[in-house]
Structure formats: C-alpha cells, structure tokens
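Here's a quick briefing on how this complex is packed. Have the viewer open and follow along.

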Amino acid sequence: MKQNVARAVPLLALGLLLLSFPAQAHGLNAAWHALVSQNPEMKAAAMEQTPETELLSIFPVVDEPEAAPALPSPQELASVSAAGIPLFPVVEIADNPGDAGKAVLIRWMLFETSPVKLRGKESVPDTGTFNGWALTKGEDGYKAQREDRTQWSVKILRAQLGVDGLPGPFVEIEEVLVGGAVHKEEIRFNKDTKNVFWPDRNLRYNTPGERMARNRFWQEHVDADVGDGASYAYRLAVTDGERIAYCYRSMPIQTGLNRYEYKRSYKFGPASPAVNLIPADPSAMSDFKSRLMASFAPPTEITARDNPSDSGGAILIEWLPSADDLDVEIRSAEQKRTHPNPVTSYRIFRAETRNGSAGDYILIGSKSAGLDKNEREAQRFETIKKKNYIDDGAGRMRRDPETGEKYVPQYSYLVTASDGVLLSLGQPSTPAGARTQWFDFDKLYFFIVAFIISAAIIWFIQHIKAGKKLFIRKIAGLEAVDEAIGRATEMGRPILFIPGIMDMNDVQTVSAVIILGRIAKTIAEYDTKLMVPTSKSLVMTTGRETVKEAYLAAGRPDAYNDDIVTYLTDEQFGYVAGVNGIMVREKPATCLFLGAFFAESLILAETGNSIGAIQIAGTAMPSQLPFFIAACDYTLIGEELFAASAYLSNDPHQLGSLKGQDVGKLIAIIAILSGAVLATVAQLSSSVTMQKIFAFFENMFSAI
Amino acid sequence: MADTPETTKKTGWYQKVRDIDRRIIFLFIALAVIIPLLLQPSFPEFPAQLVKDTFAEMDKLPEGSKILMAFDYDPASEPELQPMATVWTRHAFENKLKIYIVALWPLGQNMAEDTLNELLKEYPDRKYGVDYVNLGFKSGGQGVINVILTDFAKMYPTDVYNKPLSQIPIMKDVKSIKDMDLIINISAGFPGLKEWVQFGADPAGVRIIGGSTAVQAPLLYPYIPNQLHGLLGGLKAAAEYEELADRKLCGMKCGQDAECIDSCIKEYAKRDKGKVRMGAQAIAHMVIMAFIIIGNITFFIDRRRERKG
Amino acid sequence: MLRRTLPLLITFAVGFVLVISKFIPKVETLGEDFSIYFDIIAVFAFILGGGNLVKIHGNKIYRRSEGWGYSLVCIIGFFATLTIGLFKFGNPLGWTGNVVAEGSAFKGIYDFIFKPLGATMFALLAFYVASASYRAFRAKNAEATVLLIAAFVILLGRTFIGKMVSFWVPIDQAGPDIPSFAEWIMNVPNLAGQRAIMIGIALGIVSTSLKLILGIERSYLGADTE
C-alpha cells in the first residue's frame, strides 16, 4: 500500500502541473497584453522595432489614394512605420478561370510582418515585445505570443492601364472584412539562427461569416466589372479603420497559362481578363467574336490524332502557324525589336464531343509563337513546318452512366493565335480520341538491337557443344584467385571478401555474390578462414545462403558458421571504417574487392596495401577503376567482373555467353564506325540525302 | 604487393628517400592542406568556358523564375560540393529567383537546410513559402523523378514542415517539374545528375545544370550540351563559378573602377569556400607532384644501378 | 525442389515484366512498382542486419573478447541513436516534428558526430591519393610514361598553377594552355576509354541478367549441382 501511494503521489503532482500550464499560459498572455497596450513606453518600444519590409508600405490615412504614387523613400517608410500595422498582404492577381474573358480574380493571403528580422540582432531582450508580440526566451529559442482582437479589412483598388502601360488613378472597388475574432498565435524561433521554425511565419486571417475561399487561407474576390480587353492594375490595402497599409508588389501574374506574357517590369502586376473558354452556343460565340477577335490570320489545318506509342490519355494536335506569325523564320534580335511579332502565342482549346455536337471549348494550354528548338529540329527537312501540342489530359476509356456502354471520349480542338488579349480563331479539328498502343514503336530499333544481342547470347549458351574448347583470353585477376587463396592458407591468415556497397538489386552485387559462392567452395576445401562484411542486410542474407551451400558442396558443413558473413552498416563511410578496422586487426592475407564501389575504393585498397595483403579488385564503376588499378595487384575491369562467374565455373554453356557478348561488341563497333563516317560525310557534303540519312541514324535511339 | 620498408636497412639519405614511410607523405599532405586553409591565401581563378556557360545559363533567368534545386549529396562529399550549393543558392537569392528544394539522398535534405541557414544570414528578407520552399527527401531515386515529372503533389503532399503544398504560396502555379525554368542538381553519386538528366529534365523539356565530384564529371560529358546545359565538375569549377559571381556582384557595386572591383573580389574571396579550398588543393597537388618526381628519380637510379651491377 | 524452383520462377516473372515494361506502354508503371516492392522488402531486411550487428558485438562484450570496448561503443551508439531518433528527444514539436528538426537531439548527433566522422573518412582519400600516386606513377615502360605525363598535366591543369606556367598563352586569354590540355585529356582519350568500358559493362550486364532471368545462373541460390 505504501509503495502504491509512493508511486501515485509523484504522478498526481505531475498531472496537476500539466493541467495548470494552459491556465498559466492564458493568464500570462492576458497579463502581458494588458501590460503592453497600457504601457506607453513598451508600446513605443514595440513600434520602433517594426521591421521594414519590401511588401509593406505605410501611409497616413488618405481620403482618396493618389494616382500612381511613387515608391516611398526609406525615410518615409521609417517615419510611418510607427503606424505599426503587423500585417501585409501577399497578392495574386490572375485572369478568372473558366470564363469568356470577363473577370479578374484577386487572391490574397495576409501575412504577419516577418519577425525574421530578429536574425543577427543579438540585442533582443529576454522578455519584451517585438512588433506587438510578447517575447520570452526559452531553452530552445524565443517564443512569441500575441492576441489580436482588431477588426481588419482589406480594400481592393483598381486602375486601368493606359496605352503607355502606366496605371491611371486607383479607385476603390471593394472592401472585404477579415479577422475580427480573437486571434492567438504562437511562434518559435531558433536561438542561433533566429529562423522561425514553428509553426511558420504565415498567419491566416479568415473572413467572418460564410464567405470562404477555396482554400481557407487564401481569400479572393472576383472583379467582374472588366472585360473590355484592357489591362488593369490592382493594389490591396489592410486597414483597421484608423491605420492603413498598401501593398506594392504582388506575385507574378498568370494571364491564362502563358507566363511569358507577364511584363515583369510592373510592380503592380497588371492583369488582363484572358479567355479560358470559347462558348459553343452560337449567340454567345457571336458576342465573343465581336469583342475579342483579332485582325491577324488564324492558324490553319488544325488536326488532332491519338498520340502514338503511349499508354493512352494523350492526343497530338498539329497546326500550321498563322501567316502573320513572323517568328516562324529565324529572326535576329534587331529584327524582333523593329518588327515585333503581332502573334505572341497560340492557345489551345478543347471541347468534348458527343453524338456529333461539341460543348464549350475550354483552354487547356498554350505554346509560344514561332517554332521552338525541337519543332525546328524535327522538321529540318520539311518545307512546310507545323507546330504541335500534346494534350495529356485526354480521358481514357470510360463507361456511359446511362447506357452502360464503354466508349473512348472524343475531343475537338480549336487553336487560336493570340497577342495576349485578342484571339484569331482557326477552324476546329475533327474529333479524336486517345488510345493505348500495345507497343512503343519509338523504341523499335532499340528492341531490335536488344533482341539480336539477347538471341545471340542465348544461342551460344545453348549451342556450344560440350567438350568444345572456346578461346577465352586469360584474365590475370581470375587466374590469381587460386594463388591468392593458397597464399592465405599457407600464411594462416584469413581471406577478406567485400561484395561492394550496393544492394542485391544491382547486377554487380549479384555477380559478386555468385563469385563468392564459387570461391567459398575452394576456401572451404582449403579450410581457410573467410570474412565477408556486408553493407546491406539483403546482401548479408543472400551471402550467407550462398556460402553455406558452398561449404556444403565442399563437404565441410561443420566449418560453416553464420559469422562468416556479417552486417556492418548501410552508411558508406561507416562501412569503410569498419572494414578498415577488420583489415588492420585481422590482417587478412588476401583481399577481394568485387562489386560496386564508390569513393571508398581507394581507402580500402590502400589499407589493404599497407597490411601487405594480395588484392584482387573488380568493379563496373568506371570512375573507381583507376584507383583499383593503381593500388591493387590485379583488377577486373568492367565486363571481366561479369565474366568471372563463367570463367571460374569453366562450364562451356556459361562460357558461351561470353561469345554471345562478342556479337554485341561487333554491333557496337559497326554502329560507331558507321556513325562516325555518316556524321563526317553529312557535315562535309551538302547532300540533303546524306543529311537525312544521318539524322535518321542519329534519332534511331533517341526515344530511350 | 606491399612495399613496406621493414626489412630494408636505412643507411643514408638515399635509402630513406627511396623507402620513404607513407606516414611522411601523409604528414606533408596534411601540412599542404592545413596551412593554406589557415592562412587563406587568395589565388586567381580563370573560369573555363564550361563554367562560363553554366553561369550564363543561371544568370539569364529573369526575376521570379522558378528553379528546382536537388541536393543529392551527403556530408562526406560536402568539402567538394558544398561550395557549389552555396554559390548557386546565393546566385538564386541575389537574382530573386524562386527556389524549390528536393533531395533524393536522405542527408541531402540536411545539406539543403544548412545551405539555406547560411545564406539566409546574407539575405534575411527571403521568406519561406514565398521565395523558397524545402520539399525534403523522398526515397526511390529515379522513381521520385518519374512521379514529380507529372505531379509534385503525388510525391510531396507536404513540405518538410508538414505543411500541405496548397497552403504554400510559391507552389501555387507549380504542378510538376515541367513548370520549372531550370533544374540544378548537386550530386555525389547515385541517384544523381545522370538520373535527373535522363528521367527529369530531358522528358520534361526543362533545362538543367549540375555539379558533381571531379571523378564523376567525365561520365557526364556525353550529355553536354544537348541534354546537360552546364556542369561544374569538382572543386575547381566551383571556385571558378564563385569568381564569376564575385566579378558580377563587384561589377554592380563598383561600376568601372578596377581597383574597387579587385578589392571587392578579394573581400568576397574570404567567404567563398571553393576559392579557399582551392588554395589547399593547389599546394597539395604540388606536393603530390614533388613526391612523384622523387619516386621516379629513385626508380631510375635503382634501374641504372641494376643495369650496371 | 520448391526452395529452388519458386525463387527461379519469381526471378523469371519479375525480370520478364521489367524488360517488357520498357516496350509495352500498358505495363510501363509495373516496372516502377516492382522497384518500389524491392525497397519495401529491403526495409524488412534491416531488422536482420541490425539484429546481426547487436548479436556479434553483444557476444564480444559478453565474452570480453579482444577489443570488446569498441563493441560496447558500437552498441551504445546504435541504441542511443535509435532511441533518440524514434522518440525524438529534444524535438521542438515533439513526436509530430521532423526527426532532424532544428534543436532536436538527433540533429545534434548528425551535426556534431555523424557529419564530422563522415567528412573525416572522406578526407582520408587525400592522403591515400598521395601515397598511391607515389607508388603507382613510375615510368617503368612507355605506357606508364604516358600515364605519368597525363597525370602531371591533370595535376597542374586542375589548379591555377597550370594557367600560370603556360607562358605561351597570355594569362588573360583562352588558348592551348595546360588547363585546356587537361580538359582535352579528360574529354577525349579518357572519355573514349570510359565509354568503351561502359559498352563492355552494358553487354556484361545484359548477359548476366539473361542468365539470371532464364535460370542458367543459379549459384546465388546455393550449389548449382543437383
């Protein structure tokens, strides 16, 4: 009983302490807030520490915002920073999606003025305020808490851009209430870097009532009072009724989908209500055309077909560029400056067609005017060059919910030439649907070559007659294996085998384990100690099985124990340190490094050299071969590692695979020589035929 | 076979030089590296054309461009690759580019954090979520690249601070790596630059530049210039890039004043890790060459003696 | 029989799917899925590896074998790191935080133990390159002499010294100086050799993979004699 009480008391005390934290925090918070708001000195101190920020500009309240104000000077910023508004908006202005060009969408997120200005400021007091936040210094850094009961609102102002690109007077078009409820936030700073690490630096102020943005942290307003093809600039202001702060910069504008139309010189970020939808309804289309039709020529010969050699879901659209698109031919910078291209982009619209009738055309993508590098390269020899676009959002086979029939959705495409605002409509394409191909014909030549090489290897494996002597050149490293094992046996020292540092999904490791199996049999017969430290657990498991079977095959199951193959660590240099330690302590007479290695290759080889071991290395990592060659006695270079298992087995069928590889080498040699000759002839001659042949040869394997 | 000098009688300076203990070599190398690192002498750098092309590729991006930076290395390769990571991040912050950070190596995420922490001291007004975002590490190597080729959110539903991508302003109009203006990869091995070129940049049609260890660089030359548009191979290339960056910054600061530019470059050289470490590399190379020459001299003397005797 | 047949069947099936997924669009994603399955299986194998590590070092400590103190350090490090990472000690966000969050103990281990140790091991390469170069670069014959000259050019060309000793090209101009020659060596003969080796490696991989998929090479499953 006494023991139970003795145990319960501390637990009870702990529980009470934990429960008291929220109450304490709340009490402290309230007390602190009261202290700050009522203490003029502390309030002034808080104001002075308001950080300057690019996005925040504070003016005294004005009845009407001046037209196109200049940026405030640093002195102005400093003098008005006493207003101490802690919020700034990050604004995004974009075309309103899914309409026929009649609205602009304004979205914003209200951010706390970043407290990251604490960075580098060593003079932050242990307690105090920073921009209205109550600061306390804790073990892990600073904590800042704040309670905000202010009713904030966001004013949206709009100005139309003139022909000179400068905005006219800004007029307030909307005021949106935000915040208004008690808002508590706690943020924490790292004590060394002063970075905020929890939760993050963004505060979210929600609009009251049922007006919610799509995302609860973004708020938005649709300005539908535009639509005449002009461009507009917007500013947002945050106010509590007494103080007001304007934003001067918004995030890059997204007019439709072509980000290159955004003129980055505008800090205000002009927006044009872009067309995302072309109505199918004839009367709506007529209204659309009257407002937004351009005078330059439309694209022609718009065709749509299933994108070949894919798993479905993509349609290839091709068209002839507009006759007024000047960038179809390559032009110099001077020409582009003096004769700007009236066409800046092509916008692609898609409508699903059912039973012969198409719905509204929805914008799915855009491409820049002129021909891009790939289009120009692919149609190098064509007289008429087309532009293309791949719609990878096409639907796959689906089931009609009413009839239950399966069908592939058909789409009609409309490509328009655009100058950023106005459009020139081409004729819609005939409907096309996306289908799955059963074979990727872009990889046909790759398949043929791979088939030939594989067939040759398999043929030689199967058809080498037993007893027939194949000429296989001597590989010094493999010839020396027996000698190396014998040396270790004579000296009474162990053999160290390192199967690389990659896992069993690497062919080099598999080859290394196969070689380990063959060598382990010989080692078991000689009764020499074997050590195989591994870097991957799967390699350890496989290695154990292999070595166990090898010892069994050698008739020495008693000599096997699981500690022959051990696991050290996955970490590259931890593994190397471990292996080096084993080498220096156990002093193996023979070190075998076979498999995939990276930077640790030289460390292993040099350590082996320092203990006087005979070293045989083999890897298919070309970057590590020089280190092994410099530091080891024998090195298996690249394919010799893969040939080793056939070599050591002396099985004629396995050796036949080496002959099959020679067929592959022959193909490679012929291809290299042909390519070099063709490239030279195509370069030197002006024959279009030769250039076409070379281009064909060059692109044979481009799809891999 | 080992050439340990245990049994050889060291009877004179020639024997001592011929059978030099490797620990003496280690000592000289240690001094050759430590002294320049402590004294930090500044040596001139002459940027190669490939480095200039890489610099131009980055510098031509307009303000607000999106760059994907993949940190695929670990602390072991930090000495060689960190200068590249630092100078590229600084270049991005200086030019007000938007940085999207990913990592295919587990410790790459930490290397990215360390880089950012260092650079944010120089650019404290760069805001997380607005100017840069760290999406962190995902395992799977090229599998990760295959997925983010079409959709970031499928592989990275949140950033490294568990914040959903939809709540991060910088991710607003970014769906996949096809929306990037440039990919930068700093890689020490596998998965690395080769995988980013083959499975990321080339299929997406996005330009890519990268940094690798000097040992790996030759394997990447076949991809230049069509698929890989810039490469910094090793510490020297990183130092040359720092030189170009410093020249640009000092040019902006000092205009045409050559003296001002020189002193500005010398001032910046102290913070440029690549340049500082290149001093050590240069001296170390000279020490290695000296030992090679000594080894060959003793080799030829021995061979002559054998032929005579 | 099943012990050998089943793995062979699995190898054949997975290998076949991985090959055809390259050519048949419909099964393209299967190849990626199988790669992910391997990662999942490898994770389970971690337990075996960790268990083996603890067992070996535990035995050494128990028996007070030579060097058992280092085994103790290994075991303590293993469990300490595991515990600190699992329970996220010192993490400002507690269990929900990122395991390497700023201020956490795990980050401390990474910053103050792991990083310096990894860098130290990597730094050994500098010393070993010097000793290996001293031993390997001897002009024993013509090929070794060519190798020696190439090594000198690269060593010079990779530093500012190469530019400074190239007196035949003005220092502020591009031209056939030692750094350019070093670049040429890396880009032309070195790359040609590497590409040839890579072609051989690729063919070796094809051959080995075919033998594994078709079950011709079975020794990784155990003895290949029935």
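Start with a helix pair that spans two chains: α12(B) and α4(C) count as roughly parallel because their crossing angle is under 35 degrees (over 145 would be roughly antiparallel, 65 to 115 roughly perpendicular, and the rest oblique). Their axes cross at roughly 25 degrees and come within 8 Å. Axes here are lines fitted to C-alpha atoms, for helices over the stretch in contact, with angles running from 0 to 180 degrees between N-to-C directions.

This is a predicted model, so local features need pLDDT of at least 70 and side-chain atom pairs count only at pLDDT 80 or more, while totals for chains, interfaces and linings use all residues. Residues are numbered from 1 along each chain as its sequence is written, with chains lettered from A and ligands numbered from 1 in the order in which they are written.

**Helix pairs**

- α12(B) covers residues 273-308 of chain B, and helices in general are DSSP runs (H or I, at least four residues; strands are E, at least two), numbered from the N terminus.
- α12(B) passes α4(C) in a right-handed crossing, meaning the near helix is turned clockwise from the far one by less than a right angle (anticlockwise would be left-handed).
- Ala284(B), Ile288(B), Phe291(B), Ile292(B) and Gly295(B) meet Ala126(C), Ala130(C), Ser133(C) and Tyr134(C) there, where contact means C-beta atoms, placed from the backbone, within 7 Å.
- That patch has 7 nonpolar residues, 2 polar and no charged; Ala, Val, Leu, Ile, Met, Phe, Trp, Tyr, Cys and Pro count as nonpolar, Asp, Glu, Lys and Arg as charged, and the others, Gly among them, as polar.
- Over in chain A, the axes of α9(A) and α10(A) come within 8 Å and cross at roughly 30 degrees, so this pair is roughly parallel too.
- α9(A) also passes α10(A) in a right-handed crossing, and the residues of their contact split into 9 nonpolar, 5 polar and 2 charged.

**Chain-to-chain contacts**

- Chain C puts 37 residues into its contact with chain B, which supplies 41.
- α4(C) gives the most to chain C's side, with 14 residues, and that side divides into 20 nonpolar, 9 polar and 8 charged.
- Between chains A and C, the contact takes 69 residues from chain A and 54 from chain C.
- Helix α10 (residues 537-553) of chain A gives the most to chain A's side, with 11 residues.

**Cores and burial**

- Chain A has 704 residues, 42% of them buried (20 or more other C-beta atoms within 10 Å of a residue's own; 12 or fewer is exposed, in between is partly exposed).
- The largest nonpolar core has 184 residues, and Phe593(A), Met69(B), Phe71(B), Ile101(B) and Ile183(B) have the most contacts inside it.
- A core like this is a set of buried Ala, Val, Leu, Ile, Met, Phe, Trp, Tyr and Cys residues joined through C-beta atoms within 7 Å.
- Helix α9 (residues 507-526) of chain A gives this core its largest share, 11 residues.
- A second, separate core has 25 residues, including Ala351(A) and Tyr411(A).
- Phe593(A) touches Ile498(A), Leu604(A), Ala605(A), Gln615(A), Ala617(A) and Phe628(A), leaving out residues up to four places away in sequence.
- Helix α14 (residues 639-649) of chain A is mostly covered, with 10 of its 11 residues buried.
- Just after α14(A), Asn650(A) takes a positive phi of about 60 degrees.

How values were computed: Contact = placed C-beta atoms within 7 Å.
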